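I opened the notebook with the salt bridges in mind, and meant to work outward from them to the helices, the strands and the packing between them.

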Amino acid sequence: MKTKLIHLSLLASLTIGSLFAQEKTTVTAKNSDISDNLDLRAVATVFGDAKDLEDFERRLNDPKTQISNLDLNNDNYVDYLRVIETVEGNVHLVVVQAVLEKDVFQDVATIEVERDSNNRVQVQVVGDVYMYGTNYIYEPVYVHTPIIYTTFWVGNYRPYYSSWYWGYYPSYYSYWNPFPIFRYRNHIHLHINFGHSYHYVSHRRCASVYNNYYGRRGNGYERMHPNRSFAHRNSGYSNRYELDSRRNINSPRNRSEITSNSPRGNRETREYNGTTPRTRTETSNPRNNGTRGNSGTRVVTENRGNSPRVTSENRGRNDGPKSNRGREYSENRSNSPRERGTVTSNGNRGNSEVRGNSSRGNSQSRSSAPRSNSNSRGSEGRGNGRG
């Protein structure tokens with residue numbers, strides 16, 4: 001009895017110890033993160049293309065482009081992103097929020113637009129501290145002045161506030177499933193305008209305006225999961241930019257590096273090293289048959305990738321003059337049906353074949369006794385040999 005009690009107590013202690021060990025596990029930087037599901041450069045591109053904030057919200061949630069890949073409420077559907085705005089002086093603070101449940105929102109990013117005394121407009125796209133870490137900021141420099149700028153500083157301007165909420169969405173919107181992270185990275189780069197510039201900076205131009213808004217920010221997901229902030233997810237890293245600089249992410253940096261043109265990334269482009277075409281030249285030995293010569297050069301081009309091997313054969317035959325009981329004639333077979341381009345799966349020919357007459361075999365001697373037959377050596381005598 002005592003032995004059983006001892007065994008049970010040891011088992012209980014081991015179980016409790018393993019539970020405590022799991023709770024103390026520290027999450028370190030890995031190959032994917034929640035912040036990977038929304039590229040702020042793509043958000044900056046969409047903002048520069050929009051005509052107003054309503055159009056900006058529509059572009060963020062367009063099922064055809066699928067800019068966002070966020071699924072914070074884990075329902076296997078990408079969350080709807082609504083847009084709200086607050087205005088203070090010459091600063092427009094545009095907030096992007098994920099709609100998670102009824103009356104539950106989570107700030108994802110802010111777009112801070114400021115016009116200075118010289119009427120120059122500065123834009124910063126800032127990731128939310130919970131999602132991206134502290135001071136994760138991109139400053140887009142647009143090639144052309146965005147139309148949306150003209151809508152901000154007008155008389156009687158009313159800040160934009162989205163009318164859509166949980167369960168009530170615009171007619172153009174439909175649910176879609178999130179990508180795997182590696183596919184989203186390839187997909188989203190198709191929707192980033194690399195004609196613009198995106199400069200990473202570490203300071204906020206409109207810090208005072210954002211601080212005034214901070215107490216009203218949407219943080220529903222943060223309150224439900226306080227231990228899933230960027231600082232907890234990636235200990236030792238201050239923000240997403242620092243995380244990217246220390247982990248290996250093979251994502252394209254411009255359009256020339258994009259390897260997948262499929263919207264869902266289902267078509268994969270595989271590149272193999274050492275798959276350059278290899279050219280092989282085979283020269284068959286001439287065969288002397290009296291005064292008749294035959295030489296052929298075959299060029300075999302092999303591509304060792306997944307494409308079929310192509311063999312190009314040029315069998316030019318020029319038969320010299322041949323005498324037969326006083327008759328002299330010349331044969332020019334360069335346009336014979338034997339000149340061909342073939343596609344074959346076996347480009348290695350061990351024997352150098354000289355295509356002669358089918359009834360004579362290969363490499364047989366052409367020396368023969370004088371013939372008493374003076375008939376023409378046309379298709380009747382060699383119909384099978386010349387095709």
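Which salt bridge do the side chains of Asp-55 and Arg-59 form, and what is the N to O distance? I looked this pair up and found that the two side chains do meet in a salt bridge, with 2.9 Å from N to O. I note here that the model is a predicted one.

**Entry 1: the pair in H3.** I placed Asp-55 and Arg-59 in helix H3, where they are four residues apart, about one turn of the helix. An α-helix has 3.6 residues a turn, so residues three or four places apart point the same way. I then checked the accessibility of the two partners: Asp-55 counts as buried because its relative accessibility is 8%, below the 20% cut-off, whereas Arg-59, with a relative accessible area of 29%, is partly exposed.

**Entry 2: the rest of H3.** I listed the buried residues of this helix, which spans residues 53-60, and found Leu-53, Asp-55, Phe-56, Glu-57 and Leu-60. I followed their packing and saw that these buried residues lie against helix H2 (40-49) and against the strands S1 (80-88), S2 (91-101) and S3 (104-115). At the N-terminal end of H3 I found a cap by Asp-52, with a side-chain oxygen 3.3 Å from the backbone nitrogen of Glu-54.

**Entry 3: H2.** I turned to the neighbouring entry in my list and found H2 mostly covered, with nine of its ten residues buried. Among them are Leu-40, Arg-41, Val-43, Thr-45, Phe-47 and Gly-48. At the start of this helix I noted that a side-chain oxygen of Asp-39 comes to within 2.9 Å of the backbone nitrogen of Arg-41.

**Entry 4: the nonpolar cores.** I asked which members of the largest nonpolar core, a set of 45 residues, touch the most other members, and the search returned Leu-38, Phe-47, Phe-56 and Ile-111. At least two residues of this core come from each of H2, H3, S1, S2, S3, strand S4 (121-127), helix H4 (129-132) and helix H5 (181-188). H2 gives the most, with six residues. I then took Phe-56 by itself and, leaving out residues up to four places away in sequence, recorded contacts with Val-43, Val-46, Phe-47, Ala-50, Val-83, Val-94, Val-96 and Ile-111. I also found a second, separate core of seven residues, which includes Val-99, Phe-105, Tyr-169 and Tyr-173.

**Entry 5: S1 and S2.** I found S1 mostly covered, with seven of its nine residues buried. S1 pairs with S2 in the antiparallel sense over nine bridges, and Thr-86 stands opposite Leu-93 in S2. The two strands form a hairpin with two residues between them, and in the turn I read a positive phi of about 65° for Gly-89.

**Entry 6: the loop between H3 and S1.** I looked at two residues here, beginning with Asp-79, which lies in this loop. Asp-79 is buried yet has no salt bridge, and the nearest side chain of opposite charge, that of Arg-228, is 11 Å away. What does the side chain of Asp-79 reach at 2.6 Å? I found that this partner is the backbone nitrogen of Leu-72. Beyond residues up to four places away in sequence, Asp-79 touches several others, including Asn-61, Leu-70, Asp-71, Ala-98 and Tyr-173.

The other residue, Gln-66, is also placed in the loop between H3 and S1, and counts as buried at 11% relative accessibility. I found the backbone oxygen of Pro-63 at 3.1 Å from a polar atom of the Gln-66 side chain. The C-alpha atoms of Gln-66 and His-187 are 8.8 Å apart, although 121 residues separate the two along the chain.

**Entry 7: back to the salt bridges.** Searching the whole structure, I found 15 salt bridges. One of the entries I checked joins Arg-240 to Asp-244, with the closest N and O atoms 2.9 Å apart. These two are four residues apart in helix H9 (residues 240-246), and are therefore separated by about one helical turn. Arg-240 is buried, with a relative accessible area of 11%, while Asp-244 counts as partly exposed at 26%. In H9 I also placed Glu-242 and Arg-246, again four residues apart, whose side chains meet in a salt bridge at 3.1 Å, N to O. Arg-246 is exposed, with a relative accessible area of 56%. Last, I traced salt bridges that share partners and found Asp-36, Arg-185, Arg-240, Asp-244 and Arg-247 joined into one network.

Methods. Residues numbered from 1 in each chain as written. Predicted model: local features only at pLDDT ≥ 70, side-chain atom pairs only at ≥ 80, totals over all residues. Heavy atoms only, no water. Buried < 20%, exposed > 50% of the residue type's maximum accessible area, 1.4 Å probe, protein only. Contact = heavy atoms within 4.5 Å. Polar contact = N/O pair within 3.5 Å; in protein donor to acceptor, adjacent residues only side chain to side chain. Lys, Arg positive; Asp, Glu negative; His and termini not counted. Salt bridge = Lys/Arg side-chain N within 4 Å of Asp/Glu carboxyl O. Core = buried A, V, L, I, M, F, W, Y, C linked by side-chain atoms within 4.5 Å. Pairing = 2+ DSSP bridges.
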